[in-house]
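Here are my notes on this one, written as numbered points. Keep the structure open beside you and find each residue as you read.

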Amino acid sequence: GKAGARELNYISDVDVIYVIEASGLPEQRASTIGTALAAGISRAINTAAPEPPLWEVDTNLRPEGKDGPLVRTLDSHMNYYQRWAHSWEFQALLKARAMAGDPELGRRYEEAVAPLIWTSSERDGFVESVQAMRRRVTENIPASEEARQLKLGSGGLRDVEFTVQLLQLVHGRIDESLRVRGTTAAIAALSDAGYIGRADARELDESYRYLRVLEHRIQMVHMRRTHLMPENDAALRALAKASAGALAPGRPGADRLREQWQRTKRLVRGLHESIFYRPLLSTAANLSADEVRLSPEAAQARLAALGYADPRGAMRHIEALTVGVSRRAALQRQLLPVLLAWLADGVDPDAGLLGFRRLSESLGDTHWYLGMLR
């Protein structure tokens, strides 16, 4: 979670997964010792003391959640993830980082789960399951809190995070530049690789930073975890002054804060809906890694299967559109694996691809055309 991505709030919880190594002991004995150590850590953190704990420790993201053992060996973790894990668990593991204990064991855990994380989008119905989970989060907000939710509500932090993580998981299986933990770093990587437009990336980044500032300032008032915007004008004025550096130029006040927050919510929700529910994502997730890479062998076989009469000629069009390091070529490499199937639904796939090549070459790098394609 946020601890793994170095994005902790002032008031946050740290989601911990404990991994043990038997080191020659019988596994049951090692598990007993490991459980005692892990339970002791939680007891030490939560025991009453002159100073409150810095962060709570939450162990419910472990395999099987509350019903699962507190500690597991690496082999036990891998057996669970390979056989039983849900899609959302791989989304959570995207931010996993070895933080304490045996660094070598932590490194082996990271290396073992990475291939599962970055192939999770190939699971049946993966994109749809992530989209359904985001809807469930919104639907479970109490009606009295919905309009004030900074984190879970429409246009909130979760909209940014789910959008970014879904794009990472779908495209990161073949593009290693997207395999980063932090949200702002992921937005930059997605923009650099052309998966989202520069303007969208800038707005997502600025909105996320603004919402995080509000989240921090709200939590610092009473030093407790909350994601609800205050309602009365006095509290809003105080929040506006505390967040002045994140506000648009002008005198900070309750009305200006409300206006900017509502504008940010609308912007984030619009970006979330246009990117998160993009048909390209579901289609791309259902293609094999070779099909997405457009490797010559896989592409020609797929072109023939789709009904192209001249797979070699079609491959020449694909190569002409995707060669080079330009932003246009990068975008075509993302879109063509999907477009090939859509063109194949037409009367003459070969003519359709030729027409698309001519259109793309005549319009060149015009900003509006690339944006429209995306």
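1. Which residue forms a salt bridge with Arg72, and how far apart are the closest N and O atoms? The partner is Glu64, and the closest N and O atoms are 2.3 Å apart. Keep in mind that you're looking at a predicted model. The two ends of this pair sit in different classes of exposure: Arg72 has a relative accessible area of 9%, so it counts as buried, since the cut-off for that is under 20%. Glu64, with 45%, is partly exposed.

2. Now zoom out a bit. The protein has 374 residues, and 46% of them count as buried. Its secondary structure comes to 17 helices and four strands. The C-alpha trace spans about 75 × 65 × 35 Å along the principal axes. The accessible surface adds up to about 19,100 Å², and carbon and sulfur atoms own 53% of that.

3. How much do distant parts of the chain touch one another? Take the contacts with a separation of 6 or more: 68% of them are between residues 24 or more positions apart. For a single pair to look at, try Ala234 and Ala254, which are 20 residues apart along the chain but have C-alpha atoms separated by 7.7 Å. Ala234 belongs to helix 9 (residues 233–242). Its relative accessible area is 46%, so Ala234 is partly exposed.

4. Helix 2 (residues 74–83) is a nice one to turn around on your screen. Which of its residues are buried? They are Leu74, His77, Met78, Tyr80 and Tyr81. These five cover an arc of only 160° around the axis, which means they share the same side of helix 2. Asp75, Gln82 and Arg83 are exposed on the other side.

5. So what covers those buried residues of helix 2? The cover includes two strands, strand 2 (18–20) and strand 4 (71–73). It also includes helix 3 (87–93) and helix 4 (103–117).

6. On to the inside. In soluble globular proteins, nonpolar side chains tend to be buried together. Here the largest nonpolar core has 77 residues. Those with the most contacts inside it are Tyr81, Leu166, Ile196, Leu214, Met229 and Leu257. You've already met Tyr81 as one of the buried residues of helix 2. Helix 6 (residues 157–171) gives the most to this core, with eight residues. Apart from this core lies another one, of nine residues, including Ala3, Val16, Tyr18 and Leu70.

7. Click on Leu214 if you want a close look at the 77-residue core. Leaving aside residues up to four places away in sequence, Leu214 touches Leu150, Met229, Leu239, Ser243, Leu257 and Trp261. Met229 and Leu257 are also on the list of residues with the most contacts inside the core.

8. Nonpolar side chains turn up on the outside too. Tyr10, Met220 and Met223 make a nonpolar surface patch of about 310 Å². Met220 is part of helix 8 (residues 198–222). Its relative accessibility is 36%, so Met220 counts as partly exposed.

9. Back to charges. How many salt bridges does a search of the whole structure find? It finds 22. One of them joins Glu111 and Arg107, with 2.8 Å from N to O. Both residues lie in helix 4, four residues apart, which is about one turn of the helix. Glu111 is partly exposed, with a relative accessible area of 48%, and Arg107 is partly exposed as well, with 36%. The pair also belongs to a network of salt bridges that links Glu21, Glu104, Arg107, Arg108 and Glu111.

10. Last one: compare that with helix 10 (residues 254–276), where Asp255 and Arg258 are three residues apart and so separated by about one helical turn. They form a salt bridge whose closest N and O atoms are 3.1 Å apart. Asp255 is exposed, with a relative accessible area of 58%, while Arg258 is partly exposed, with 30%.

How values were computed. Residues numbered from 1 in each chain as written. Predicted model: local features only at pLDDT ≥ 70, side-chain atom pairs only at ≥ 80, totals over all residues. Heavy atoms only, no water. Patch = residues over 30% accessible without salt bridge, like charges linked within 9 Å, V, L, I, M, F, W, Y side chains within 5 Å. Areas by Shrake-Rupley, 256 points an atom, 1.4 Å probe, with all protein chains shown as cover. Salt bridge = Lys/Arg side-chain N within 4 Å of Asp/Glu carboxyl O. Buried < 20%, exposed > 50% of the residue type's maximum accessible area, 1.4 Å probe, protein only. Arc of directions from axis to C-beta. Contact = heavy atoms within 4.5 Å. Core = buried A, V, L, I, M, F, W, Y, C linked by side-chain atoms within 4.5 Å.
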